[in-house]
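Please look through the model below before reading my points, which are meant for a colleague who has not seen this structure before. I have ordered them so that each point builds on the one before.

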Amino acid sequence: MSKKTVNFTKQGIDKLPNDKPVVYKILTEAGNNNYTGIAGRGNVQDRLQDHLGNIPGAKVQIQQMPTKKEAAQTEKTIIARSQPKYNKQGK
């Protein structure tokens, strides 16, 4: 599925597609994963804006998924592999 990376700002987030569920990563300036999450179709911008100011990040990267179930499975795999700083461990 489609991937896209934008600046982690309101203007950057507003450029992201909202028509499919996504797995998102909030990345540091160095490209390290600070947080991974999922957002449902129609909720991408709102979900990401919830994190503005709470989780530091220079960029946000999304990967569109066919279903929310597949997004949740991918999120779990990414968290297990990269153990992002702001994800609760053991999720």
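1. A residue is called buried here when its relative accessible area is under 20%, and exposed when that area is over 50%. The model is a predicted one, and with this cut-off in mind strand E3 is a good place to begin: six of its seven residues are buried, so E3 is largely enclosed by the rest of the structure.

2. What is the order of the strands in the open sheet? The sheet has four strands, which follow one another as E1-E4-E2-E3 with antiparallel pairing. Strand E1 (3-7) and E3 stand at the edges with a single partner strand each, so that one side of each has no neighbour in the sheet. On average, and with direction ignored, neighbouring strands of this sheet are turned by 20 degrees against each other.

3. At the E1 edge, five bridges join E1 to strand E4 (residues 59-64), and these two strands run antiparallel. Within this part of the sheet, lysine 4 is placed opposite isoleucine 62 of E4.

4. At the E3 edge, E2 and E3 are joined by six bridges and likewise run antiparallel. Isoleucine 26 has tyrosine 35 of E3 as its bridge partner. The hairpin that these two strands make has five residues between the strands, and glycine 31 takes a positive phi there, near 90 degrees.

5. Which aromatic residues form a pair, and is the pair stacked, tilted or edge-to-face? The count comes to one aromatic pair, formed by tyrosine 24 and tyrosine 35, whose rings are tilted at 35 degrees between the planes and lie 6.2 Å centre to centre. The two residues are 11 residues apart, with tyrosine 24 in strand E2 (residues 22-27) and tyrosine 35 in strand E3 (residues 33-39), so that the pair links distant parts of the chain. Both tyrosine 24 and tyrosine 35 are buried.

6. Threonine 36, also a residue of strand E3, deserves a separate look. Its relative accessible area is 0%, and threonine 36 is therefore buried. The side chain of threonine 36 makes a polar contact of 2.7 Å with the side chain of asparagine 33. When neighbours within four places in sequence are left aside, the residues in contact with threonine 36 include Val23, Tyr24, Lys25, Glu75, Ile78 and Asn87.

7. Helix H3 (residues 68-82) packs on the sheet, where it touches E2 and E3, and the direction of H3 makes about 165 degrees with that of E3. In the segment after H3 comes glutamine 83, which is not a glycine and yet has a positive phi of about 40 degrees. Most residues other than glycine have a negative phi. Glutamine 83 has a relative accessible area of 53% and is therefore exposed.

8. Where on helix H2 (residues 44-51) do its buried residues lie? They are Val44, Gln45, Leu48 and His51, and they cover an arc of only 115 degrees around the axis, which means that they sit on the same side of H2. These buried residues pack against helix H1 (10-14), E2, E3 and E4. Glycine 53, which follows H2, has a positive phi near 85 degrees.

Definitions and conventions:
Residues are numbered from 1 along each chain as its sequence is written. This is a predicted model: local features need pLDDT of at least 70, side-chain atom pairs count only at pLDDT 80 or more; totals for chains, interfaces and linings use all residues. Side-chain values use heavy atoms; hydrogens and water are left out. Rings of Phe, Tyr and Trp (its six-membered ring) pair if their centres lie within 6.5 Å; planes under 30 degrees apart count as stacked, over 60 as edge-to-face and the rest as tilted. Buried means under 20% relative accessible area, exposed over 50%, partly exposed in between (1.4 Å probe, protein chains only). Two strands pair if DSSP finds at least two bridges between them. Axes are lines fitted to C-alpha atoms, for helices over the stretch in contact, and angles run from 0 to 180 degrees between N-to-C directions. Contact means heavy atoms within 4.5 Å. A polar contact is a pair of N or O atoms within 3.5 Å; within protein, one must be able to donate a hydrogen and the other to accept it, and residues adjacent in sequence count only if both atoms are side-chain atoms. The arc is that of the directions from the helix axis to the C-beta atoms.
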